[in-house]
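Me: I'd like to learn how to read a fold like this one, feature by feature. Could you walk me through it?

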Amino acid sequence: MNPYDKLRPITDSEQCRCEAVCGLVLMYRFTRNPIHCLKCKDEIDPERLGLEMREIDDVARVMATHGALFDLWLQSGEYEEWAKQRLIDPKGQVNVDGMAIARKLSVKWPCYYLWFYDTEDGAPERCPSCGEFLDKSVLWATGKCYRCCVLM
């Protein structure tokens, strides 16, 4: 098995076609590839980035956990509130790990971890990790925190 297959998109219909990679967003969108283009929001094939085996494993592990929690939250049953609390907890393992891998990948490209927030709670004004005001100059999200590598 090719190590990139852990994250490779099943189809190329949502594939980033940008000429150059300007930045990355790690986000769960019901596919196995959580690496998305900061500009167009479509998936970026990890082989295009030349990710190392450890980076592939880290991204796959963290985002599988994030996806599992998100799916539990979507079920709207007995796990909804529990999953939400895990997804918004700044000291929670999924967010600590998500920010860590985003920082690690930011050495090569600007990279952000898409932090969950429930739209019923209103759009966040501050970074949930450090408390700084979010930079609102983003293309398609609510804001970003450069310090924590977080996009909301």
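Reply: Sure. Let's settle one term before we start: two residues are in contact when heavy atoms of theirs lie within 4.5 Å. Keep in mind as well that this is a predicted model.

Me: Okay. With that term in hand, what covers the buried residues of H2?

Reply: The cover includes E1, E2, H3, H4 and E3.

Me: Which residues of H2 are the buried ones?

Reply: Buried means under 20% relative accessible area. In H2 that gives Glu55, Ile56, Asp58, Val59, Ala60, Val62, Met63, His66, Gly67, Leu69, Phe70 and Trp73.

Me: How should I read the spacing in a list like that?

Reply: Here's the general idea: an α-helix has 3.6 residues a turn, so residues three or four places apart point the same way. Now go back to H2 and trace Ile56, Val59, Val62 and His66, which are among its buried residues.

Me: And what about Thr65, where does it sit and how accessible is it?

Reply: Thr65 is also in helix H2. It counts as partly exposed because its relative accessibility is 39%, and partly exposed covers what falls between the 20% and 50% cut-offs. As for its surroundings, the C-alpha atoms of Thr65 and Val94 are 6.7 Å apart, with their positions 29 residues apart along the chain.

Me: Let's check the helix geometry. What span should H2 have, and what does the model give?

Reply: The rule is 1.5 Å times one less than the number of residues. H2 has 22 residues, so the expected span is 32 Å; the end C-alpha atoms are 31 Å apart, which agrees.

Me: How does H4 do on that test?

Reply: H4 covers residues 93–105, 13 in number, so it should span 18 Å, and its end C-alpha atoms are indeed 18 Å apart.

Me: Which residues of H4 are buried, and what covers them?

Reply: The buried ones are Val94, Asn95, Asp97, Gly98, Met99, Ile101, Ala102 and Leu105. Their cover includes strands E1, E3 and E5 along with helices H2 and H3. Val94, the residue we met with Thr65, is one of the buried ones in H4.

Me: Let's zoom out. How many helices and strands are there, and in what order?

Reply: The chain has 4 helices and 5 strands. Going along the sequence, the pattern is β-β-α-α-α-α-β-β-β.

Me: What does the radius of gyration tell me here?

Reply: You compare it with the value for a globule of matching length. For 152 residues a compact globule would come out near 15 Å, and the chain has 15 Å, so the two agree. Along the principal axes, the C-alpha atoms fill a box of roughly 40 × 35 × 25 Å. As for burial, 44% of the 152 residues count as buried.

Me: What share of the contacts comes from residues far apart in sequence?

Reply: Take the contacts with a separation of 6 or more: 57% of them are between residues 24 or more positions apart.

Me: And the surface and charges, how do I read those?

Reply: About 8,200 Å² is exposed, with carbon and sulfur atoms supplying 52% of it. On charge, there are 20 positive and 24 negative side chains, and the centres of the two sets lie 5 Å apart.

Me: Where should I look for unusual backbone angles?

Reply: Look for a positive phi on a residue that isn't a glycine. Lys41 is one such case, at about 75°; it sits in the loop between strand E2 and helix H1. Lys41 is partly exposed because its relative accessible area is 29%. Ser76 is another, with a phi of about 55°, and it comes just after H2, in the loop that leads to helix H3. Ser76 counts as exposed because its relative accessibility is 51%.

Me: What about the loop between E3 and E4, how accessible are Gly122 and Gly131 there?

Reply: Gly122 is in that loop, and so is Gly131. Gly122 is partly exposed at 32%, and Gly131 is partly exposed at 27%. For distances, Gly131 and Cys145 are 9.4 Å apart, C-alpha to C-alpha, while Gly122 and Leu51 are separated by 35 Å.

Note on methods:
Residues are numbered from 1 along each chain as its sequence is written. This is a predicted model: local features need pLDDT of at least 70, side-chain atom pairs count only at pLDDT 80 or more; totals for chains, interfaces and linings use all residues. Side-chain values use heavy atoms; hydrogens and water are left out. Helices (H or I, at least four residues) and strands (E, at least two) are DSSP runs, numbered from the N terminus. Buried means under 20% relative accessible area, exposed over 50%, partly exposed in between (1.4 Å probe, protein chains only). The radius of gyration is taken over C-alpha atoms; the globule rule is 2.2 Å times the number of residues to the power 0.38. Accessible areas come from the Shrake-Rupley method with a 1.4 Å probe; for residues, only the protein chains shown count as cover. Lys and Arg count as positive and Asp and Glu as negative; His and the chain ends are not counted. The place of a charge is taken as NZ of Lys, CZ of Arg, CG of Asp or CD of Glu.
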